[in-house]
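Colleague: Could you take me through the part of this model that faces the DNA? Go on from there into what lies behind it.

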Amino acid sequence: MPELPEVEVSRLGISPHLTGQQITQVIVRDRRLRWPVPASLETVAGATIEGVERRAKYLIISTTKGYLIVHLGMSGALRVVPADSLVVKHDHIDLVLGSGLCLRFNDPRRFGCWLYSATHPSADHPLLRELGPEPLTDDFTLDYLFNASRGRQQAIKTFIMDNHVVVGVGNIYANESLFKAGIHPKRAAGKVSKARYQRLVPIIKETLARAIEQGGTTLQDFTQADGQPGYFKQELMVYGRGGKACMQCKSTLKEIRLGQRSTVYCPQCQR
DNA sequence: CAACCGCCCTGGGAGC
DNA sequence: TGCTCCCAGGGCGGTT
């Protein structure tokens, strides 16, 4: 399931093949994604791609005729393949390129989205304008997160997964980061001390950065742009290990539901 | 406003 | 082997 590292790995994989290329054709085989794919998407046919950026888990493909906003949802994958490659089930969208390659979007669960914006969306698009800071930039600091947490009764785990607070910390990396920081996922965000946030902030950054280095986390769905799996799964300490032994203290890891998400923690190491 | 919950969807695994 | 059931989850949108 794509979280921020997987989206960044996808961006790194596709960007060199896209940048500078003309979009010769836009093929939409199924418009039924998270939101119906708008007819305006096809207006970028003939445009040249200027670059691929990431904001939170959204990819923004800049072209000379406007911007494409792409989200991978739960099961979406982007691959660069020869334009005449066999189309398989759930291949919903192709951007055919002048090079003879195409960017192909496959998404079994169709939680992903492809939208069009005439202007750069990061500041004014409803999906992007309210987003919190990027965790891997200097905007995401101890002081920022600590101040944002004051007065909040919400569990720390759902707090750091809230895109208004900080973007891109999904379920896997929230579980892993709280384990490494020794913080109980149910603790109220407003009651976590500054000293503990001082541990947590760099741990979130390191966890995400390390996952990007490893090519993301492949569970069932995710593959890199070349179809290779990500290798971060081998480094997971708690996610998917409920009932197993804690790697630090050998206690049995507990699994609970928090905000309808599977949450795994060590009752001994996390307080 | 904060917090929470339902919902969209399909593949895969468990159980029979 | 094949059926049914349940679960995974990002994030929007509605409710409390």
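Modeller: Start with DNA strand B, where eleven residues surround the strand. Pro 108, Arg 109, Arg 152, Gln 153 and Gln 154 are the closest. By class, the surface near strand B has two nonpolar, five polar and four charged residues. Keep in mind that this is a predicted model.

Now DNA strand C. Here 14 residues surround the strand. The closest are Lys 57, Met 74, Gly 170, Asn 171 and Ser 262. The split by class is five nonpolar, five polar and four charged.

Two of those closest residues lead further into the protein. Take Asn 171, one of the closest to strand C. Helix H5 covers residues 171-181. Ten of its eleven residues are buried, so H5 is largely enclosed by the rest of the structure. Buried here means 20 or more other C-beta atoms within 10 Å. The buried set is Ile 172, Tyr 173, Ala 174, Asn 175, Glu 176, Ser 177, Leu 178, Phe 179, Lys 180 and Ala 181. What do they pack against? Their partners are helix H4 (156-160), helix H6 and strand E10. Just past the end of H5, Gly 182 has a positive phi of about 70 degrees.

Next, Ser 262, also one of the closest to strand C. Strand E10 spans 261-265. The loop between E9 (254-258) and E10 holds Gln 260. Gln 260 is not a glycine, yet its phi is positive, about 65 degrees. Is Gln 260 buried or exposed? It counts as exposed, because only 6 C-beta neighbours lie inside 10 Å and the cut-off for exposed is 12 or fewer.

Follow H6 next, since the buried residues of H5 pack against it. H6 runs over residues 194-213. Helix H1 (residues 4-18) meets H6 with axes within 9 Å and a crossing of roughly 40 degrees. H1 is therefore oblique to H6. The crossing is right-handed. On the H1 side, the contact uses Leu 4, Pro 5, Glu 8 and Val 9; on the H6 side, Leu 208, Ala 211 and Ile 212. Six of these residues are nonpolar, none polar and one charged.

Helix H3 (residues 142-149) also packs on H6. Their axes come within 9 Å and cross at roughly 130 degrees. That angle makes H3 oblique to H6 too. This crossing is right-handed as well. H3 brings Leu 142, Leu 145 and Phe 146, while H6 brings Lys 194, Tyr 197, Gln 198 and Val 201. Five residues of this contact are nonpolar, one is polar and one is charged.

After H6 comes a loop to E9, and Met 247 lies in it. Met 247 counts as partly exposed, with 14 C-beta neighbours inside 10 Å. Its C-alpha is 16 Å from that of His 184, and the two are 63 residues apart along the chain.

One more loop is worth a look. His 90 sits between strand E5 (77-82) and strand E6 (91-97). It is not a glycine, but its phi is positive, about 75 degrees. With 16 other C-beta atoms within 10 Å, His 90 is partly exposed.

Note on methods: Residues are numbered from 1 along each chain as its sequence is written. Chains are lettered from A and ligands numbered from 1 in the order in which they are written. This is a predicted model: local features need pLDDT of at least 70, side-chain atom pairs count only at pLDDT 80 or more; totals for chains, interfaces and linings use all residues. A residue is near a molecule or strand if its C-beta atom, placed from the backbone, lies within 6 Å of it. Ala, Val, Leu, Ile, Met, Phe, Trp, Tyr, Cys and Pro count as nonpolar, Asp, Glu, Lys and Arg as charged, and the others, Gly among them, as polar. Axes are lines fitted to C-alpha atoms, for helices over the stretch in contact, and angles run from 0 to 180 degrees between N-to-C directions. Helices (H or I, at least four residues) and strands (E, at least two) are DSSP runs, numbered from the N terminus. Angles under 35 degrees count as roughly parallel, over 145 as roughly antiparallel, 65 to 115 as roughly perpendicular and the rest as oblique. A crossing is left-handed if the near helix is turned anticlockwise from the far one by less than a right angle, and right-handed if clockwise. Two residues are in contact if their C-beta atoms, placed from the backbone, lie within 7 Å.
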